[in-house]
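The following note is offered to a colleague who is meeting this structure for the first time. Its points are numbered for ease of reference.

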Amino acid sequence: MPSPSWYARRLSRMGPAEMGARARDRVLVERRRRRVPESSAVRQARRGPAPLPAVAPAAMPASARDRVLAAVEDLLDGRW
């Protein structure tokens, strides 16, 4: 972590435009941070995908099932 003297030197070398831009960026970051829900709230709200009924794959047309499985394989291989 830089020392306080480094921060003082850095601040003395900033122009007014850079100071304003950095202050604006910091305000925007803080605003976004307040809008993000707590991680526990997110976990409670998102419990994961609902499992498909056991009958779903059997009821799906074979061509659609093959396309889904091919897409899954592509994703697992890092292609999308």
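1. Arg31 is a suitable place to begin. With a relative accessibility of 47%, Arg31 counts as partly exposed. The model under review is a predicted one. Arg31 belongs to helix H2, which covers residues 16–35. On the surface, Arg31 joins Arg32, Arg34 and Arg35 in a patch of positive charge. Membership of such a patch requires over 30% relative accessible area and no salt bridge; the 47% of Arg31 is therefore sufficient on the first count.

2. Helix H2 also holds an ion pair. Arg33 and Glu30 meet through their side chains in a salt bridge, at 3.0 Å from N to O. Why can these two residues be described as about one helical turn apart? Arg33 and Glu30 are separated by about one helical turn because they stand 3 residues apart in helix H2. Glu30 has a relative accessible area of 22% and is partly exposed. Since buried means under 20%, Glu30 at 22% does not fall in the buried class.

3. The overall architecture may be stated briefly. The protein chain contains 5 helices and 0 strands. Read from the N terminus, its elements follow the order α-α-α-α-α.

4. Surface exposure deserves a separate remark. The protein chain has 80 residues, of which 2% count as buried. Its accessible surface amounts to about 7,500 Å², and carbon and sulfur atoms account for 62% of that area.

5. Salt bridges form a further topic, with a count of 7. One of them pairs Arg10 with Glu18, where the closest N and O atoms are 2.4 Å apart. Both partners are partly exposed: Arg10 has a relative accessible area of 27%, and Glu18 has one of 26%. The pair also takes part in a network of salt bridges that links Arg10, Glu18 and Arg22.

6. Another salt bridge involves Arg79 and Asp74, whose side chains meet at 2.7 Å from N to O. Is each partner buried, exposed or partly exposed? Arg79 is partly exposed at 47% relative accessibility, and Asp74 is partly exposed with a relative accessible area of 31%.

7. The surface also carries a nonpolar patch. Met60, Val68, Val72 and Leu76 make up this patch, which has an area of about 340 Å². Val72 is part of helix H5, spanning residues 62–76. The relative accessible area of Val72 is 37%, which means that this residue is partly exposed. Patch residues must have over 30% relative accessible area, so Val72 at 37% meets that limit.

8. Finally, a polar contact should be noted. The side chains of Ser5 and Ser3 are joined by a polar contact of 2.9 Å. Ser5 is located in helix H1, which comprises residues 4–13. With 40% relative accessibility, Ser5 is counted as partly exposed.

9. For a reader inspecting the model, two surface regions may be compared by composition. The positive patch includes Arg31, a residue of helix H2, whereas the nonpolar patch includes Val72, a residue of helix H5.

Methods:
Residues are numbered from 1 along each chain as its sequence is written. This is a predicted model: local features need pLDDT of at least 70, side-chain atom pairs count only at pLDDT 80 or more; totals for chains, interfaces and linings use all residues. Side-chain values use heavy atoms; hydrogens and water are left out. Patches are made of residues with over 30% relative accessible area and no salt bridge: like charges are joined within 9 Å, nonpolar side chains (Val, Leu, Ile, Met, Phe, Trp, Tyr) within 5 Å. Accessible areas come from the Shrake-Rupley method with a 1.4 Å probe; for residues, only the protein chains shown count as cover. A salt bridge is a side-chain nitrogen of Lys or Arg within 4 Å of a carboxyl oxygen of Asp or Glu. Helices (H or I, at least four residues) and strands (E, at least two) are DSSP runs, numbered from the N terminus. Buried means under 20% relative accessible area, exposed over 50%, partly exposed in between (1.4 Å probe, protein chains only). Lys and Arg count as positive and Asp and Glu as negative; His and the chain ends are not counted. The place of a charge is taken as NZ of Lys, CZ of Arg, CG of Asp or CD of Glu. A polar contact is a pair of N or O atoms within 3.5 Å; within protein, one must be able to donate a hydrogen and the other to accept it, and residues adjacent in sequence count only if both atoms are side-chain atoms.
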